[in-house]
Every structure is written in structure tokens, then in C-alpha cells.
Amino acid sequence: PQAQPWTITTRSSRAAMEGVPIGQQKKPATHSGYVGHNAETVKVRLHSICFSVKGTLFVSALASNSGDLLKAFIRSECRELSAVPNERIRLLFRGVELRDDMPIAQLGEAELDLHFLVLGQKDEVLGFELALCKCVPCPTELEELLRDCSQGLQQAAPILTESGCGGTYFLKGKAQGQTLAVFKPKDEEAGAPQNPRGYLGRENSRYFLPAVASAQRAVREVAAYLLDKGHAKVPTTTLARCRHQSFVPVQIDGEPSVVWKLGAFQAFVDAESSEDFGYSSYSVEDVHRIGILDLRIVNFDRNQGNLLVQHVDGRRRLVPIDHGCSLPDRLCFPLHDVAWASWPQCKEPFSPEELKYIAELDGEADAKMLAETLGLERPCLRLLELSTLWLQVAAAAGCTLHQIASALYRSDPEKPSVIEGVILNCLASAQAVGEISLSRSITHRPFTRATETRGLFGDVQDVQWTPALEETFRRHCLQEFQRLVR
């Protein structure tokens, strides 16, 4: 039987909101073809964060529909946007942009709240502005800081930092010109289209950094803060949108345009770089708490420039920053890229308090929390669960931070790490136990260059991740981790 793939149930909130109303045009289908009576649908709420369009669109969509069809629906509902191309419409799921070719089924939600932003609207209000992404958590003190910086934009322009591969800007407050925060636009990250340092590429591409797609690092800054909960002293961080002529402009119709930029907004830390000090200056406790965080999120960019030093009560305290290169979907990182791995402090045993903290971690709950608050993809969260599990098993068995890291990261950049091999074998064994149907028979899954290209868990079409497979795979990994430390 033929059914209408899009069941439009648009309702406008124009009575309660100012601006141009939404949903006054007829509603053409954005998809055609045969679907069954039991076709899976997703209720989608599209919240506008545009100036010229206000309100919310409601639509019931097929789970197989992708971002480009949602954008077509937005254009059909909003006369002001009818001629706007896809590349100028930003669809955001919990702060992370939805790709045009990504089926909404991959988001794993029966009901979706998406926000849409349009770049370069001609009737957009001019000026410099800074605003929260309300779909992402933000502590009260950081929200107050953002308001101060928003007022400060009227007096002092953002300042691009001298170092780094991406666009990182200092923001000042309204009084005395004091730096209060940093802003990292996602489209100016290394490998993104507006990178100010020459490392250019397409958004969501993996050419520059295969483990984390371009324009996906800002959300990882927020994730590190949410996971840390103050233990390693990660500065307070959220997602925000900002517009200022100091940022790299976006080319629209051949003209450079000042547009809204989405990015990580983080409290500024007044400190010195750890590059100016020797490792003997730091306490075992400081090194351990940062190392624990890095192992959980598989941080592969923990150089000394990403460690700050504060002087507190007569001692030097380490503060970790720059967590965009974390929560990857693969393990292919050399141990020598982790600064603390060569320090003697990481070879000291964990204290009872540290062991208690590690034992009380819950990787599955952390992954669920990030899935509910941020738009991270499941392979990254699955690896978070496993890295946390490995940390817990090894620490309970008496392993040091150095020993745990040496198994997780590669000693030889050309050969898989111990944990890489364990995970690949456990995936193959879990598939065999569950008699998972694949495109080819799999009895084992050795390490290949494709593992580095497609990620540790392969492409979505390679493995059908059912709840049963997830549970079996996790159980096999736990057994192998325990066997490893005996």
C-alpha cells in the first residue's frame, strides 16, 4: 500500500511570538515512493533560532529520512527561506550539526528536538552578539560570564590566539577589558572550511584528523567538562553562538559575510603553560587526576601546551584544556603523544581515594548522559564505555597509570595496541556467538588499514548493533580485560 511518507502536523507558535509566522504555505511532500503500513516514523520538532523566522515546526518523518529532506521541509514552510541552499541551513541535534546524508534513525530517538539556523539572511539584525545554545547544559556562573562577554563585544573585538591549529578567540568583559572566556567556532577548527591558519577542509570531513571529524571538536570540549565534574579541573564549558566581524567570514553568493558561528564557550583560565616548567614541579595527585580523565576520553592530544599551571597555596597545580581531540571512534594513537606518559608520577601507584573514584565511575551511564545532552555518535560513546571499563579493571588489579596507558595507546605507531587487539577479537567473538548476519562470514577480525580508515567498530552497515550484541560484546571485553591483568 502507498502511504504519505511525510505526515505534516505543523503548528505555529506565532500567536505567542513576534516575527514572521511559520507554516502558512501548503505542505508539499519531500519524499515519494512506497512504504509499508508499519513504516517507522519519528516525530520531529524544528525550533528556529533565526532572526527573521520564529516559532517551531512539527513534522512526522520516516526514520530513513535524512537532513536534506528536513531542510527541504523547512524551505517549503518558510517563504523567507525558499531560495536558501542546503549549505546555508544548519540543523543542530543537541549542539551537533546533522549531516545532509545522515538518516535521522541514527540519532536513536522516537521524538527529536532539532534547532535550525540560517547563515547570511539579508534581513538579519546587524551587530555583535553572543548567545547560549539552550539545548546544551550550562552552569549558572558560566551563563553570567557569557552575558558579560556579550556586552564586552560592543567594546572589544575577539582576539585570535597566537598558537594552535584552529580558531580560538579570547573574549573580554564589559569592564576593564579583562579576558573572561575563549570561543572556538566549529567551522574554524583544523580541517574545517573557515580555518584561519590554512588547515582548510569540508565540514564533517576526516582528512585532517580521521579520528574526529572536522567541526565536531567543539562539542567534545563540552563533553570533557560534563564528564569531569570538577575532578581534573576542566574549565566550565558549554556551546554558544556568536557573530562578529573578527571571525573568518563565510562566502555567500561570492561575498564575505559575517554570520552566526557555533562553537565552544569556555571560562578563561589565568595561568601559565606547563611548557615553561619541568615535570618535577607537579604532584602525583595532579598527574593522576588528569591521566584518569585522559584515559576515559582517550585524549590523543595531551601535549604540554594543553596543560596550564596555576599557582595555588604555594604550589603549582595543573589545569587541563583543549579536549577537542578526544572521544574518538578508534584507537590508533602513539603513547608518546601523551605528555604525562613519560613522567615518573604516572608510575606511582594509585592512592585509596583515587581507586575509590575510579571504581565508582560508570561508563555506560556517562555514555547515556552524553547521548541525552550532546549529539555524539554511538561508536565514540561505545569506546568511552570500554576505555572506562579497562581503566577500572586494570586499576583494581594494581596496575599503574603508565601500565594502563601503555596498553591503551600504541608503543609502535604502526602496530595496534593491546586493547585494540582485544576489542577487535571480542567484536568478532560476540558476532559469532550471536550468529549476527553480515555481508560475509566472519570468524575473526584482524587489524587492517581499513580499521584505521573506518574506525574501530567499522561502518554502520558493517555490523548490526542490537542490544544483544552490545551486551555480549561488553561481556567478552570484560572477560578479556580481566584475563589481561592476571
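This is a short walk through one predicted model, from the whole chain down to a few single residues.

Let me start with the overall count. The chain carries 11 helices and 17 strands. It has 486 residues, and 53% of them are buried. If you take the contacts between residues at least 6 apart in sequence, 70% of those contacts join residues at least 24 apart.

Now some helices, in chain order. Helix H1 runs over residues 67-77, and 9 of its 11 residues are buried, so H1 is mostly covered. The buried set includes Leu69, Leu70, Phe73 and Ile74. Lys71, Arg75 and Glu77 of H1 are also among the buried residues.

Helix H2 covers residues 140-152, which is 13 residues. From first C-alpha to last it reaches 19 Å, close to the 18 Å expected at 1.5 Å a residue. Which residues of H2 are buried? They are Leu142, Leu146, Cys149, Ser150 and Gly152. Looking down the axis of H2, these buried residues fall within an arc of 155°, so they line one face of the helix. As general background, an α-helix has 3.6 residues a turn, so residues three or four places apart point the same way.

What covers the buried residues of H2? The cover includes five strands: E7 at 129-132, E9 at 169-172, E10 at 179-185, E11 at 237-243 and E14 at 261-267.

One residue shows this part of the model from the strand side. Ala181 sits in strand E10. Ala181 has a relative accessible area of 0%, and therefore counts as buried. Setting aside residues up to four places away in sequence, Ala181 touches Leu145 and Cys149. Its other contacts of that kind are Tyr169, Phe170, Leu171, Phe265, Gln266, Ala267 and Phe268. Between the C-alpha atoms of Ala181 and Leu146 there are 8.0 Å in space, with their positions 35 residues apart in sequence.

Staying with E10 for a moment, the loop between E10 and H3 holds Leu200. Is Leu200 buried or exposed? Leu200 counts as exposed because its relative accessibility is 54%, and the cut-off for exposed is over 50%. Leaving out neighbours within four places in sequence, Leu200 is in contact with Gly191, Ala192, Pro193, Gln194 and Asn195. The C-alpha atoms of Leu200 and Ala190 are 6.7 Å apart, and these two residues are 10 apart along the chain.

Past helix H3, which spans 218-228, comes the loop to E11, and Lys229 is found there. Lys229 has a phi near 55°, a positive value in a residue other than glycine. At 66% relative accessibility, Lys229 is exposed.

Next is helix H4, residues 284-297. H4 has 14 residues and reaches 20 Å from first C-alpha to last, close to the 20 Å expected at 1.5 Å a residue. Most of H4 is covered, with 12 of its 14 residues buried. Among the buried residues are Val287, Ile290, Ile292, Leu293, Leu295 and Ile297. The buried list of H4 also includes Asp286, His288, Arg289, Asp294 and Arg296.

What follows H4? Val298 does, and its phi is positive, near 50°. Val298 is not a glycine. It lies in the loop between H4 and strand E16, which covers 307-312. With a relative accessible area of 1%, Val298 is buried. So here are two residues with a positive phi: Lys229, which is exposed, and Val298, which is buried.

The loop between H4 and E16 also holds Asp301. Asp301 is partly exposed, at a relative accessible area of 26%. Apart from neighbours within four places in sequence, Asp301 is in contact with Asn306, Cys325 and Asp337. Asp301 and Phe333 are 32 residues apart in sequence, and their C-alpha atoms are 9.2 Å apart.

Last, a pair of helices. The axes of H5, residues 352-359, and H7, residues 378-396, come within 9 Å and cross at roughly 145°. The crossing of H5 past H7 is left-handed. Which residues of H5 and H7 meet? Leu355, Ile358 and Ala359 in H5 meet Leu391, Gln392 and Ala395 in H7. By class, this contact has 5 nonpolar residues, 1 polar and no charged ones.

Note on methods
Residues are numbered from 1 along each chain as its sequence is written. This is a predicted model: local features need pLDDT of at least 70, side-chain atom pairs count only at pLDDT 80 or more; totals for chains, interfaces and linings use all residues. Side-chain values use heavy atoms; hydrogens and water are left out. Helices (H or I, at least four residues) and strands (E, at least two) are DSSP runs, numbered from the N terminus. The expected span of a helix is 1.5 Å times one less than its number of residues. Buried means under 20% relative accessible area, exposed over 50%, partly exposed in between (1.4 Å probe, protein chains only). The arc is that of the directions from the helix axis to the C-beta atoms. Contact means heavy atoms within 4.5 Å. Axes are lines fitted to C-alpha atoms, for helices over the stretch in contact, and angles run from 0 to 180 degrees between N-to-C directions. A crossing is left-handed if the near helix is turned anticlockwise from the far one by less than a right angle, and right-handed if clockwise. Ala, Val, Leu, Ile, Met, Phe, Trp, Tyr, Cys and Pro count as nonpolar, Asp, Glu, Lys and Arg as charged, and the others, Gly among them, as polar.
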